[in-house]
Amino acid sequence: MLRTNPFRRPPRLLAITASIIVAVPLLAGCAQRDRAERDPGEPAAAAPGFPVEVDNCGVEVTLQVAPTRAVGYYQQSVELMLALGLGDSVVATVYPDNPPLPQYEQEYRAIPELSSKDASFEQILSLSPDFVYGGYSSAFEESAGRSRAAFANTGVTTYLNPEYCAVEPITMDDVHTEVRTIAKLFGVPERADALVSDMQDSVAAATDRVEGVEPVRVFVYDSGEATAFTAGRKGIGNQIIELAGGTNVFGDLDDTFADVSWEQVLQRQPEVIVVYDYFGTPSVEAKRDFLRSRPELAAVPAIRDDRFAVLTLQDAVLGVRAPFAVEPLAEQLHPDRFR
């Protein structure tokens with residue numbers, strides 16, 4: 001039987017009870033010695049190009065120098081920093097969703113993994129970080145003791161992926177802005193241009209291939225048994241579908257992710273089901289088998305015609321993968337345009 005996903009991401013993360021700790025005493029010790037050498041009462045001098053100030057989800061983030069001991073809490077944070085050549089400034093990763101991108105795999109795996117699930121406030125502080133970049137809002141979950149205020153009280157700067165405080169739907173422009181913001185915070189704004197240009201070129205190539213197509217109706221299946229956890233209009237996943245020549249059948253839901261009933265799925269008659277693939281949930285094939293087994297979905301065109309597409313969860317969140325996910329999804333939705 002298909003399990004309900006116990007590791008749901010935003011906005012309704014469930015509590016995770018166990019963390020897998022990677023020992024990193026040497027890293028922590030070095031950082032503590034570095035801090036001990038500086039007079040704690042002496043304010044840090046601003047580096048060239050600093051201070052940098054940005055408003056991040058209602059929190060004013062101010063840096064006098066570029067971070068050198070960043071923790072990437074969730075994978076999209078880490079991969080974006082690696083895409084900007086900031087690997088040497090990342091001291092730990094937390095809670096990955098998918099295998100790392102091939103082009104960053106060696107560097108990604110060289111960074112210690114603090115935990116494969118949630119990390120505690122104390123675990124993170126043991127690394128003496130100067131910056132924590134949260135990919136989902138639960139990185140700074142107050143009930144778990146990881147609030148942004150708690151980090152600020154210890155002198156650690158935090159930054160939250162803006163997909164999880166968005167008022168309007170996230171678009172590729174927001175992805176570009178995120179790239180430029182992180183590059184600016186780390187004192188390497190010039191590195192953003194090439195990455196943003198590659199992103200724009202990839203999206204343009206994909207949309208050219210599907211120009212003029214009749215959009216297909218798409219239902220995103222993340223996980224769930226009693227109900228379906230799906231993508232709403234707020235997240236970048238919604239625009240990926242649109243750019244790939246599809247229409248999100250739950251694009252009217254004013255949320256990033258949300259639960260819907262199977263009756264609603266039947267009523268909206270999706271032609272293709274996009275399955276999100278990530279750790280902590282059943283395999284793609286198990287998810288397909290589960291959907292095929294539900295009698296109430298037998299009349300859904302996507303089930304009747306056995307039309308499924310696949311994206312990793314990391315493809316469908318605000319991060320470095322999102323622009324490059326448009327073309328593979330477009331090819332799955334409109335294979336005739338890619339022959």
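This report walks through a predicted model of a single chain, from its overall make-up down to a few helices and loop residues.

Some ground rules: as a predicted model, it has local features reported only at pLDDT of at least 70 and side-chain atom pairs counted only at pLDDT 80 or more, while totals for chains, interfaces and linings use all residues. Residues are numbered from 1 along each chain as its sequence is written, and side-chain values use heavy atoms, with hydrogens and water left out.

**The chain as a whole**

The chain has 12 helices and 13 strands; these are DSSP runs numbered from the N terminus, with helices being H or I of at least four residues and strands E of at least two. Of its 339 residues, 53% are buried, where buried means under 20% relative accessible area, exposed means over 50%, and partly exposed is in between (1.4 Å probe, protein chains only). About 14,600 Å² is exposed by the chain, and carbon and sulfur atoms supply 51% of that. Those areas come from the Shrake-Rupley method with a 1.4 Å probe, and for residues only the protein chains shown count as cover. Among contacts (heavy atoms within 4.5 Å) with a separation of 6 or more, 69% join residues 24 or more positions apart.

**Helix 8, mostly wrapped up**

Helix 8 spans residues 236-243, and six of its eight residues are buried, so it is largely enclosed by the rest of the structure. The buried ones are Ile236, Gly237, Asn238, Gln239, Ile240 and Ile241. They pack against helix 6, strand 8, strand 10 (246-248), strand 12, strand 13 and helix 12 (326-333). Just after helix 8 comes Gly245, with a positive phi of about 90°.

One of those partners, helix 12, is worth a closer look. Its axis and that of helix 8 are 8 Å apart, at an angle of about 55°. Axes here are lines fitted to C-alpha atoms, for helices over the stretch in contact, and angles run from 0 to 180 degrees between N-to-C directions. Helix 8 and helix 12 are therefore oblique to each other; the scheme calls angles under 35 degrees roughly parallel, over 145 roughly antiparallel, 65 to 115 roughly perpendicular and the rest oblique. Their crossing is right-handed, that is, the near helix is turned clockwise from the far one by less than a right angle, with anticlockwise being left-handed. Ile240, Ile241 and Leu243 of helix 8 make the contact with Val326, Leu329 and Leu333 of helix 12.

**Helices 6 and 7**

How do helix 6 (residues 172-185) and helix 7 (residues 192-209) pack, and at what angle? The angle is about 165°, and the axes are 9 Å apart. Helix 6 and helix 7 are therefore roughly antiparallel to each other, and helix 6 passes helix 7 in a right-handed crossing. On the helix 6 side the contact is made by Val175, His176, Val179, Arg180 and Ala183, and on the helix 7 side by Ala192, Asp193, Leu195, Val196, Met199 and Gln200.

**Helix 10, buried along one side**

In helix 10 (residues 284-293), the buried residues are Val284, Lys287, Arg288, Phe290 and Leu291. They cover an arc of only 160° around the axis, which puts them on the same side of helix 10; the arc is taken from the directions from the helix axis to the C-beta atoms. An α-helix has 3.6 residues a turn, so residues three or four places apart point the same way. The cover over these helix 10 residues includes strand 8 (216-221), helix 9 (262-268), strand 12 (272-277), helix 11 (301-304) and strand 13 (308-312).

**Loop residues**

Here are four residues that sit in loops, with their relative accessible areas.

| Residue | Loop between | Relative accessible area |
|---|---|---|
| Cys57 | strand 1 and strand 2 | 27%, partly exposed |
| Gln64 | strand 2 (59-63) and strand 3 (70-73) | 32%, partly exposed |
| Gly155 | helix 5 (148-153) and strand 7 (157-160) | 56%, exposed |
| Asp306 | helix 11 and strand 13 | 43%, partly exposed |

For backbone geometry, Cys57 has a positive phi of about 55° although it isn't a glycine. Asp306 is another non-glycine with a positive phi, near 55°. The peptide bond from Phe50 to Pro51 is cis, with omega near 5°, and Pro51 lies in the loop between helix 1 (25-36) and strand 1 (52-56).

As for spacing, Gln64 and Glu53 are 11 residues apart along the chain, with their C-alpha atoms separated by 9.0 Å. Gly155 and Pro129, 26 residues apart in sequence, are 9.2 Å apart in space, C-alpha to C-alpha.
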